[in-house]
Amino acid sequence: MSQDRKELLREYKQSHRPAGVYRIVSPAAGRYLLESTTNLPGAKNRFEFAKSTRSAAGVSHKLSADFLQYDDFVFEVLEELETKPEMTPAQVAEDVKALEQLWREKLGGVGEY
């Protein structure tokens, strides 16, 4: 591996990617999938790819049947986690899971996959 490539990889791993809670909603089905991630842009990219290929494989198997039946799925960021530079990846992951649990309670589970 070249030195430039190693440096780019190191910079990427140390770069800040927004963490948070999101949901994938199908208004026609009246259902949603609630998830959290330490990489919101990555989750959105996986969703967009899954939507363009009409395959829920990159998103969740829970959506498979409805993903084939409906084409109205949307990606909604519900809340972005405020992170501090001194937070470890494990701390960010723990905090984002706690935030997901708060949203789960707030939404009440009605219509969740």
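Select E100 to begin: in this predicted model, E100 is buried, with a relative accessible area of 8%. That value falls under the 20% cut-off. E100 lies in helix 4 (residues 89-107).

Next add K97, which sits in helix 4 as well, three residues from E100, about one turn of the helix. K97 forms a salt bridge with E100, and their closest N and O atoms are 3.2 Å apart. The two partners differ in exposure: E100 is buried at 8%, whereas K97 is partly exposed, with a relative accessible area of 48%.

Keep both selected and add R104 and E112. The side chains of E112 and R104 meet in a salt bridge, 2.1 Å from N to O. R104 is partly exposed, with a relative accessible area of 24%. With all of these residues on screen, a network of salt bridges can be traced that links K97, E100, R104 and E112.

Now move to helix 2 (40-53) and select K44 and E48. Both residues lie in helix 2, four residues apart, about one turn of the helix. Their side chains meet in a salt bridge, with 3.0 Å from N to O. How exposed is E48? E48 is partly exposed, with a relative accessible area of 37%. K44 is partly exposed too, at 34%. The count for the model comes to five salt bridges, those of K97 with E100 and of E48 with K44 among them.

Continue past the end of helix 2 to R54, in the loop between helix 2 (40-53) and helix 3 (64-69). R54 is partly exposed, with a relative accessible area of 36%. Which residues does R54 touch, not counting those up to four places away in sequence? They are F67, L68, Q69, Y70 and D71. Select L68 from this list and show its backbone: the backbone oxygen of L68 lies 2.6 Å from a polar atom of the side chain of R54. Then select F67. R54 and F67 are 13 residues apart in sequence, yet 6.7 Å apart in space, C-alpha to C-alpha.

F67 leads to the next stop, the largest nonpolar core, which has 13 residues. Select Y22, I24, F47, L63, F67, F73 and F75, the residues with the most contacts inside this core. Strand 1 (20-26) and helix 2 are the elements that give two or more residues to it. The largest share, four residues, comes from helix 2.

Within that selection, centre on F73. Leaving out residues up to four places away in sequence, F73 touches I24, V25, S26, F47, K51, L63, D66, F67 and Y113. Of these, I24, F47, L63 and F67 are also among the core residues with the most contacts.

A second core is separate from this one and has eleven residues. To find it, select V21, L34, V92 and V96, which it includes.

Finally, colour the model by pLDDT. The mean for the protein is 90, and 94% of its residues reach 70 or more. Where is confidence lowest, and where is it highest? The lowest is in helix 1 (residues 3-14), at a mean of 71, and the highest is in strand 3 (residues 74-80), at 98.

Technical notes:
Residues numbered from 1 in each chain as written. Predicted model: local features only at pLDDT ≥ 70, side-chain atom pairs only at ≥ 80, totals over all residues. Heavy atoms only, no water. Buried < 20%, exposed > 50% of the residue type's maximum accessible area, 1.4 Å probe, protein only. Contact = heavy atoms within 4.5 Å. Polar contact = N/O pair within 3.5 Å; in protein donor to acceptor, adjacent residues only side chain to side chain. Core = buried A, V, L, I, M, F, W, Y, C linked by side-chain atoms within 4.5 Å. Salt bridge = Lys/Arg side-chain N within 4 Å of Asp/Glu carboxyl O. pLDDT = per-residue confidence, 0-100.
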